[in-house]
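Here is a short briefing to read alongside the model. Have the sequence and the 3D view open, and let's walk through a few spots together.

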Amino acid sequence: MAKNAGIRASLIELWKRTILVESKDKDKLYINGEGNTYPNEVEGVINNSPTASSCAKIMAKYIAGAGVLNETGELYTYAQLPIVNPRNNLRITDIIAAGSRSLAYQNGVFIHVGRSIDPKTGTLERTTLEVLDYARCRISKEDANEAPGRIHYRDFSKPLKTFSGTSKTDGAIPDLWYYPYNNEESVVLSQIKKDAGDDFTGDLLEDIKHYRGQVYYLNLTPEYIYAVSPADSVYNDADSEYRISAYTNGEVRSGFLGKTAVITAGLDEEAVLKVEKDIADWLGPEGSNAMYHLDIDGDVDIDKVLKIIQVKGQYDEKLFSGTVDRLKANIYGAFNNVPRILVAGADSSLFGMQSETYKQMKIFYSEQTEEEREKLQECLSYLGFPVTIEPIAKEEKIIIEAGGSDNPETAAAQAALKGSVGGVQGILGIQASVSAGTTDFESAITILIEIYGFNRTIAAALLGQPEITT
């Protein structure tokens with residue numbers, strides 16, 4: 001079957017995403033996609049699509065959560081957060097945010113781990129973290145002992161240019177690589193000695209200055225050597241949305257959009273200039289009530305002298321209406337079923353009658369991104385930086401008060417009523433009614449207990465000691 005240049009991938013690639021080893025590469029790297037540019041292509045198509053880019057940002061935000069909890073279960077302030085990369089002044093939440101974005105776009109993240117030596121004890125410590133640009137990372141083939149391959153880091157969308165001798169050639173791209181993560185002290189010491197080379201002294205404080213560090217690869221689709229992006233199944237949908245937008249823009253910029261043509265015949269040069277000027281004065285709302293008089297010979301057919309034609313616009317805004325809705329629905333589903341309301345934004349009604357719906361959608365999507373959030377949390381803990389990420393939204397535990405309902409559904413309804421605007425207004429109305437003498441004090445207590453679920457102590461405190469109007 002002949003290859004179609006307009007198709008993104010062959011049938012074989014779509015159903016069996018085989019990652020090959022580049023035979024010509026001296027480092028035996030596993031290539032990521034046809035042309036070794038899969039991560040670049042995925043990120044490009046996501047960024048080109050308004051819906052996909054919004055979904056990716058929402059997904060990254062919900063994976064990162066609301067912050068990091070301290071030992072007492074409270075959120076750290078930014079100033080309290082530990083710095084995990086002194087060189088770039090990065091805190092642990094900066095690493096979480098960058099890692100979450102990589103997971104939302106690529107379903108994987110490469111994290112560089114730096115080492116240092118405790119000058120007092122002489123022991124190795126994991127001291128720095130940095131999230132690498134995913135598109136620049138490739139893995140080399142395992143060695144003869146099946147040990148994991150190195151992680152190479154460069155721009156794979158450009159041909160590799162190596163350094164010549166001690167001088168750098170123009171446009172040279174350094175071929176950087178790092179060791180795969182391994183916390184065995186003997187392995188790390190061996191790597192430090194190897195990187196020091198001829199400058200090895202045996203003094204760890206000096207030798208570690210040459211150490212390149214290690215990289216840990218978190219792959220959320222471990223059945224593949226490289227992660228498959230959340231947008232992989234909707235690659236064509238995201239691209240179609242972009243192309244529909246490009247088509248619309250082209251029609252608006254260069255197509256017929258209700259143009260007006262004025263045709264004249266047999267007029268002298270002076271009359272032509274007068275018509276051009278007068279017609280120009282008609283344009284816009286200011287000339288809508290203007291009267292126009294053009295004097296011609298009595299035996300001349302007016303339709304053959306001056307004719308105005310309204311050219312119908314070519315663009316039909318309903319042309320892709322159904323298609324766009326279907327594309328959006330597919331993209332929402334690919335990014336862990338992100339609710340449309342979180343992407344498109346909330347209108348004013350969601351903060352009134354439907355505010356509870358918006359809250360539930362936030363809770364729902366926090367649960368949908370729970371696996372990614374927990375995997376990132378476990379990864380950071382494994383690398384020596386234990387954290388507890390607080391979700392953006394979660395189910396509130398219903399506490400049944402004495403005097404309230406023992407039925408969980410009723411208790412939940414009472415809790416929702418107490419937290420709503422209407423519920424607060426109802427309590428204010430009861431207070432006013434008691435003060436006016438319209439409602440008996442004990443009757444008001446009963447209402448607050450039965451309808452709102454307050455116990456008697458809280459209900460009496462809400463009513464206070466009202467002044468009864470005589």
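Is Tyr217 buried or exposed? With a relative accessibility of 17%, Tyr217 counts as buried, because the cut-off for that class is under 20%. Please keep in mind that this is a predicted model. The points below start from the aromatic rings around Phe110, move on to Cys137, and end with a pair of helices.

**Aromatic cluster**

- Phe110, Tyr134 and Tyr217 belong to one aromatic cluster.
- The count of aromatic pairs comes to 10.
- One of these is the tilted pair of Phe110 and Tyr134, with 5.2 Å from centre to centre and 50 degrees between the planes.
- Phe110 sits in strand β4 (residues 108-117) and Tyr134 in the loop between β5 (124-131) and β6 (137-139), so this pair ties together parts 24 residues apart in sequence.
- Phe110 also pairs with Tyr217: the ring centres are 4.1 Å apart and the planes lie at 5 degrees, so this pair is stacked.
- That second pair links distant parts of the chain, with Phe110 in strand β4 and Tyr217 in strand β9 (residues 214-219), 107 residues apart.
- Phe110 has 0% relative accessibility and therefore counts as buried; Tyr134 is buried too.

**Around Cys137**

- Cys137 is found in strand β6.
- The relative accessible area of Cys137 is 1%, so this residue is buried.
- Leaving aside residues up to four places away in sequence, Cys137 touches Phe110, Leu132, Ile151, His152, Tyr153, Phe156 and Tyr226.
- Phe110, a member of the aromatic cluster, is thus among the contacts of Cys137.
- From C-alpha to C-alpha, Cys137 and Trp177 are 8.9 Å apart in space, while 40 residues separate them in sequence.

**Helices α3 and α4**

- Helix α3 (residues 50-64) and helix α4 (residues 92-106) have axes that come within 8 Å and cross at roughly 135 degrees.
- Why are α3 and α4 described as oblique to each other? Their angle of roughly 135 degrees is outside the 65 to 115 range for roughly perpendicular and is not over 145, the limit for roughly antiparallel, so it counts as oblique.
- The crossing of these two helices is right-handed.
- On the α3 side, the contact is made by Ala56, Met59, Ala60, Ile63 and Ala64.
- On the α4 side, the contact residues are Ile96, Ala97, Ser100, Arg101, Leu103, Ala104 and Tyr105.
- Sorted by class, the contact of α3 with α4 has 10 nonpolar residues, one polar and one charged.

Definitions and conventions
Residues numbered from 1 in each chain as written. Predicted model: local features only at pLDDT ≥ 70, side-chain atom pairs only at ≥ 80, totals over all residues. Heavy atoms only, no water. Axes fitted to C-alpha atoms, helices over the stretch in contact; angles between N-to-C directions. Helix = DSSP H or I, 4+ residues; strand = E, 2+ residues; numbered from the N terminus. Left-handed = near helix turned anticlockwise from the far one by under 90°. Contact = heavy atoms within 4.5 Å. Nonpolar A, V, L, I, M, F, W, Y, C, P; charged D, E, K, R; others polar. Phe/Tyr/Trp six-rings, centres within 6.5 Å; stacked < 30°, edge-to-face > 60°. Buried < 20%, exposed > 50% of the residue type's maximum accessible area, 1.4 Å probe, protein only.
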